[in-house]
Amino acid sequence: MSRRTKERLINIAIDAVLTAVCLLMILPLVFLVSNAFKTPQEMLAWPPTIIPDDPTVRNFRAVLSDTPLLRWIGNSILFSLLSTVCILATSAITGYILGKFRYRVLNVFFAIILATAIVPFEVYMIPLYFQAKALGILNSTWGLLLGYLVMSFGIFLIRQNVIHSIPDELLEAARIDGAGEFWIFWRIVLPLLRGALGALGVLAFFQAWTAFAWPLIVATTRDSYTIEVGLALFQTGFTVDLGRLSAASAVVLIPSITLFVLLRRNFVQGVASTGLKE
Amino acid sequence: MFALLALLPTLAIFAFVRIYPIGDTLRLSLHKWDILSKNKPFIGFANFEELASDPLFREALLNTTIIAFGVLLITIPLALVLAALIYHRTRSRLAGFYEAAIFIPHVVSLVPAAMAWKWIFDARLGPLNALLTSVGFAPRSWLFDPVLSVLCVIVLCSWQALGYAVIIYLVGFKSLPTSLYEAAELDGASAPQRFWHLSVPLLKPITLYVSVVTLVSGFNVYAQAFVLASDAQGAPGRQVRVLVLDMLENSFRNYRVGYAASEAVVLLGIVLILTLVQFRMLREKGRS
């Protein structure tokens, strides 16, 4: 056997293994979506069908009449968008200043930000809950937002980007031309950070969209649930069957998968850059 | 001047939503506070002493540790091999599909993803038991048995963590010096040998990083255990007791906030130790 045929055979074998693994990885999600369209009888079928024999939207109708599903989705979208905006704003300006200005006190701030990044949210969310309670913002979007206003990693990411992609000369030239600091930030720095901010925005949005423990304790009225909390508590009800749960889950899943497919590069870039911390 | 003014809002938010509550956790852990009562007497380390002999806390700590290390043991070797294979096929048209398919479980919302697995593990309706019985094994009640339900949480968490680890390893593979590999190939080293003797040692810092991230998120596990182990049919599902669950129960069901705070401090301690280990190992690597 020639070297080239051997190589080709190995590549085919690798492709076969990888394809099998990939299919296994997405199979649970495929079944979830397909179950949403099945009748109770068909859900019991073995082997399970991927394309339902007799697709029905009954599960979806039942969920929409059982729960304020659309309201929960609305809550989640609002909360995630506001959180993304806050995180992008605070990260952009703080990251820029920590990256380009030389005051000794800035090192202290940066050290504090990095140090708090190590502390998991779960560690301090109970005291934070009492702060939200004192402010009277439980069961509201503002209460949810309180936990997701800033992101240490976001500040870090933008700072790295500022250091690597914004030359000092550019800023100096603008200053010599008499540009104000705010103008420089708005007109020169922000446009150059577009890529990094895009990646961070996707991360921030999904961080809020998939948040669980914090919304679970902050939003305790049925109308204030986020979709994750609503879904999780809905499944503990007395009359819920797997068909309805699958339908509700599919409603949540399909938009996030679509978004992922569209923004895949930003996702991968965002995650990949978290690996380059050191 | 501009710099400090522009920093002010972020710093204020940081102080209010990060630094103050972290400080409060530390303070409360040394106090007895039962929400209902107004005063919070200082009791030193009494909360921690009580934790040491609390059977529920011990169960939570044990389960959480098993889950964290279980996910680690499944994820790291699998991710390393998969990343090597995907890297080998970087130039193929399928590479993008591989990356995306393995990564998807990491980005989909947690609760629906857990629902998918809940169906798989379901004792009566689930394909796992159907598969087992069709090949002659006895079906099991996966989500009710205390040992098996922990296993189910590990499977779910590993499925979600895998994509993240693969992406990070891919970044690692792309940064490796190709010259070393060419030299090894000229010396007649086979691909598995190059993987084992070159990639694995060279990627050690990445392995360390992914391990710490995986362990830390394993110790914070909550939603997965919550969704998998609470029963859909209203029967009192057997909870997989994890640290965060125990913490929330202590503060919101038993109204013992000080006690819950001391649990949070234990969690923080574990995370800090893991992070320190990572820094220490990286520094040693830098020296050698």
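**Exercise 1. Classify R253(B): buried or exposed? Then find its salt-bridge partner.**

Step 1. Start with the accessibility. In this predicted model, R253(B) has a relative accessible area of 56%. The cut-off for exposed is over 50%, so R253(B) counts as exposed.

Step 2. Now look for the partner. R253(B) forms a salt bridge with E249(B), and the closest N and O atoms are 3.3 Å apart.

Step 3. Check where the two sit. Both belong to helix α12 of chain B (residues 243-253), four residues apart, which is about one turn of the helix.

Step 4. Compare the partner's cover. E249(B) has a relative accessible area of 13%, and buried means under 20%, so E249(B) is buried. The bridge therefore pairs a buried E249(B) with an exposed R253(B).

**Exercise 2. Work out which chains the salt bridge between D15(A) and R89(B) involves, and why it counts as a link between two chains.**

Step 1. Begin with the total: there are 16 salt bridges over all chains.

Step 2. Take the pair in question. The side chains of D15(A) and R89(B) meet with an N to O distance of 2.8 Å.

Step 3. Place each residue. D15(A) is in helix α1 of chain A (residues 3-36), while R89(B) is in the loop between α3 (55-88) and α4 of chain B, so the pair joins two chains.

Step 4. Add the cover: D15(A) and R89(B) are both buried.

Step 5. For contrast, try R175(A) and E181(A), whose closest N and O atoms are 2.7 Å apart in a salt bridge. R175(A) is partly exposed at 27%, and E181(A) is partly exposed at 23%.

Step 6. Finish with a group. R3(A), E7(A), E185(B) and R194(B) are linked in a salt-bridge network.

**Exercise 3. Find out which residues S109(B) and S199(B) touch, leaving out those up to four places away in sequence.**

Step 1. Locate S109(B): look in the loop between α4 (95-107) and α5 (110-121) of chain B. Its relative accessible area is 0%, so S109(B) is buried.

Step 2. List its contacts. S109(B) touches W209(A), T210(A), E228(A), V252(A) and S256(A).

Step 3. Follow one of these, E228(A), back to its own helix. E228(A) is one of the buried residues of α13(A), along with I227(A), V229(A), G230(A), L231(A), A232(A) and F234(A). Helix α13 of chain A (residues 227-234) is mostly covered, with seven of its eight residues buried.

Step 4. Move to S199(B), which you'll find in helix α9 of chain B (residues 191-202). With a relative accessible area of 3%, S199(B) is buried too.

Step 5. List the contacts of S199(B): F173(B), L176(B), Y181(B) and R194(B). You've already met R194(B) in the salt-bridge network.

**Exercise 4. Decide how the rings of Y129(A) and F130(A) are arranged, then look for arginines over ring faces.**

Step 1. Get the count: there are 27 aromatic pairs over all chains.

Step 2. Use the geometry. The ring centres of Y129(A) and F130(A) are 5.3 Å apart and the planes stand at 80°, so this pair is edge-to-face; the cut-off for that is over 60 degrees.

Step 3. Check the cover: Y129(A) and F130(A) are both buried.

Step 4. Look for a bigger grouping. F79(A), F121(A), Y124(A), Y148(A) and W214(A) make up one aromatic cluster.

Step 5. Now the arginines. R159(A) lies over the face of F110(A), 3.9 Å from the ring centre. In chain B, R256(B) lies over the face of Y259(B), at 4.0 Å from the ring centre.

**Exercise 5. Identify the elements behind the nonpolar surface patch that includes L4(B).**

Step 1. Name the members: Y103(A), V105(A), V108(A), I112(A), L4(B) and I19(B), which together have about 450 Å² of accessible area.

Step 2. Assign the elements. Those giving two or more residues are α5 (104-118) of chain A and α1 (2-28) of chain B. The largest share, three residues, comes from α5(A).

Step 3. Zoom in on L4(B). L4(B) is in helix α1 of chain B and, at 37% relative accessibility, is partly exposed.

**Exercise 6. Explain what stands out about phi in N139(A) and Y255(B).**

Step 1. Recall the background: most residues other than glycine have a negative phi.

Step 2. Take N139(A). Its phi is near 60°, a positive value in a residue other than glycine. N139(A) lies in the loop between α6 (121-135) and α7 (141-146) of chain A, and is partly exposed at 30%.

Step 3. Take Y255(B). Here phi is near 55°, again positive in a residue other than glycine. Y255(B) lies in the loop between α12 and α13 (257-287) of chain B, and is partly exposed at 37% relative accessibility.

Notes. Residues numbered from 1 in each chain as written. Chains lettered and ligands numbered in written order. Predicted model: local features only at pLDDT ≥ 70, side-chain atom pairs only at ≥ 80, totals over all residues. Heavy atoms only, no water. Patch = residues over 30% accessible without salt bridge, like charges linked within 9 Å, V, L, I, M, F, W, Y side chains within 5 Å. Areas by Shrake-Rupley, 256 points an atom, 1.4 Å probe, with all protein chains shown as cover. Salt bridge = Lys/Arg side-chain N within 4 Å of Asp/Glu carboxyl O. Buried < 20%, exposed > 50% of the residue type's maximum accessible area, 1.4 Å probe, protein only. Phe/Tyr/Trp six-rings, centres within 6.5 Å; stacked < 30°, edge-to-face > 60°. Lys NZ or Arg CZ within 6 Å of the ring centre and 35° of its normal. Contact = heavy atoms within 4.5 Å.
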